[in-house]
Amino acid sequence: MNRIVTVTPNPAIDMTYTVHGITEGASHRVPTPLSRAGGKGLNVARVVHQLGHPVLAIAPTGGAAGQTLAAELWTSGVPHSLVAVAAETRRSIALVDTVAGETSIFNEEGQALLPDEWRSLRAAVDLAIHSNGGEAAAVLVGSGSLPPDAPADFYPSLVRMAHDAGIPAIIDTSGPGIIAAAKAGADVLKPNHHELADATGETSVEAAALALIGMGARTVLVSAGADGMLAFDHASPGGYWSARLPEPLSGNPTGAGDAGVAAAAVALAEGVTEPRGILRRATAWSAAAVLMPAAGEISPRYKELEQRLIVTWKETG
């Protein structure tokens, strides 16, 4: 299988603290946090790499935190290409409350990149999808938030680059970036239901997803938390597929959506284009990620979970 290339324009050092109950305003003594290179695209790359599929993770990094991120990526063994920038790499903190069964996340916004740095990032992507010692790219994934003052056309430019190279593009972002990627003809968009509503202004998941299809997106996968995942496709505007487990899983949902993106990317790389097949794998991998302590990995139970899925077709309107 040809490799999957992931792009993370706003990476972070992910710090995951496990807390046995959080009392507001109190001091808490906690075990040493799990610290690793993160950001949505890097999480996608980790999952793809964990399951033995070829991948290359691309991200800009800068400052001391950027050096820490680079060192951890090297140790992890995830193949990567990092673009040096002046801005300090941001941090993200997840507090996993084992008593309440809830996870709170604090994401730094990140710092702006310089115009030349954006050009360097695009150049790294262009090189990765066209050549690497003869190794071809199968899928391009653009994932995560954009730092302040980012070019509005960054994600659309990734879609165009992918299509020029003859490969599909998956985009997982929020806000105006979703709309821009849809209009650029992204092959797969992967918002959650909150991001979908915020981006489109539609209160109905069906209406919002179909709006993105109408703008030009080919397939829209929507994460719906404990309700599983939905798949809308341009070829079947009269309905959508729904996949969920018989009962919700408890655990850490951080990175579950990224695991779903990894599944979709691997499916496309293997030649699976039917939305139902992509949905089954994405839902199972997302659920398997909830069972792990940190983002960027999935439980070995992912195949078992896929067999337990309830998959149904629902008419729209």
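These legends walk through a few close-up views of the structure above, which is a predicted model.

**View 1. The largest nonpolar core and its best-connected members.** This core holds 50 residues, and Ile4, Val139, Ile170, Leu221, Trp285 and Ile298 are the ones that touch the most other members. Look for helix α8 (residues 256-269) here: with 11 residues, α8 supplies the largest share of the core. Wondering about the general idea? In soluble globular proteins, nonpolar side chains tend to be buried together. There's also another core, lying apart from this one, with 43 residues, including Ala137, Tyr155, Leu212 and Val220.

**View 2. Zooming in on Ile170.** Which residues does Ile170 contact, once its neighbours within four places in sequence are set aside? One group is Val139, Leu140, Val141 and Gly142, and Val188 is on the list too. The rest are Val261, Ala264, Ala265 and Leu268.

**View 3. Helix α8 meets helix α9.** Two packed helices are described by the angle between their axes and the distance between the axes. For α8 and α9 (residues 275-290), the axes come within 7 Å and cross at roughly 145°. The crossing is right-handed. On the α8 side, the residues making the contact include Ala256, Gly260, Ala263 and Leu268, while α9 brings in Ile278, Arg281, Trp285 and Val290, among others. Sort the contact by class and you get 13 nonpolar, 3 polar and 1 charged residues.

**View 4. An open sheet of 10 strands.** Follow the strands across in the order β5-β4-β1-β8-β9-β10-β11-β12-β13-β14, and you'll find that the pairing is mixed. At the edges sit β5 (80-84) and β14 (310-315), each pairing on one side only. Over at the β5 edge, strand β4 (residues 55-61) pairs with β5 in the parallel sense over 5 bridges, and Pro60 has Val83 in β5 as its bridge partner. Helix α9 turns up again here: α9 lies across β11 (219-223), β12 (229-233), β13 (239-244) and β14, running at about 155° to β12.

**View 5. Strand β2 and its two partners.** Strands of a sheet pair through backbone hydrogen bonds, either parallel or antiparallel. Strand β2 (residues 12-19) has 6 of its 8 residues buried, so β2 is largely enclosed by the rest of the structure. With strand β3 (residues 34-38), β2 pairs in the antiparallel sense over 5 bridges; Met15 has Ser35 in β3 as its bridge partner. With strand β6 (residues 90-97), β2 runs parallel, joined by 8 bridges, and Asp14 stands opposite Ser92 in β6.

Conventions. Residues numbered from 1 in each chain as written. Predicted model: local features only at pLDDT ≥ 70, side-chain atom pairs only at ≥ 80, totals over all residues. Heavy atoms only, no water. Core = buried A, V, L, I, M, F, W, Y, C linked by side-chain atoms within 4.5 Å. Buried < 20%, exposed > 50% of the residue type's maximum accessible area, 1.4 Å probe, protein only. Helix = DSSP H or I, 4+ residues; strand = E, 2+ residues; numbered from the N terminus. Contact = heavy atoms within 4.5 Å. Axes fitted to C-alpha atoms, helices over the stretch in contact; angles between N-to-C directions. Left-handed = near helix turned anticlockwise from the far one by under 90°. Nonpolar A, V, L, I, M, F, W, Y, C, P; charged D, E, K, R; others polar. Pairing = 2+ DSSP bridges.
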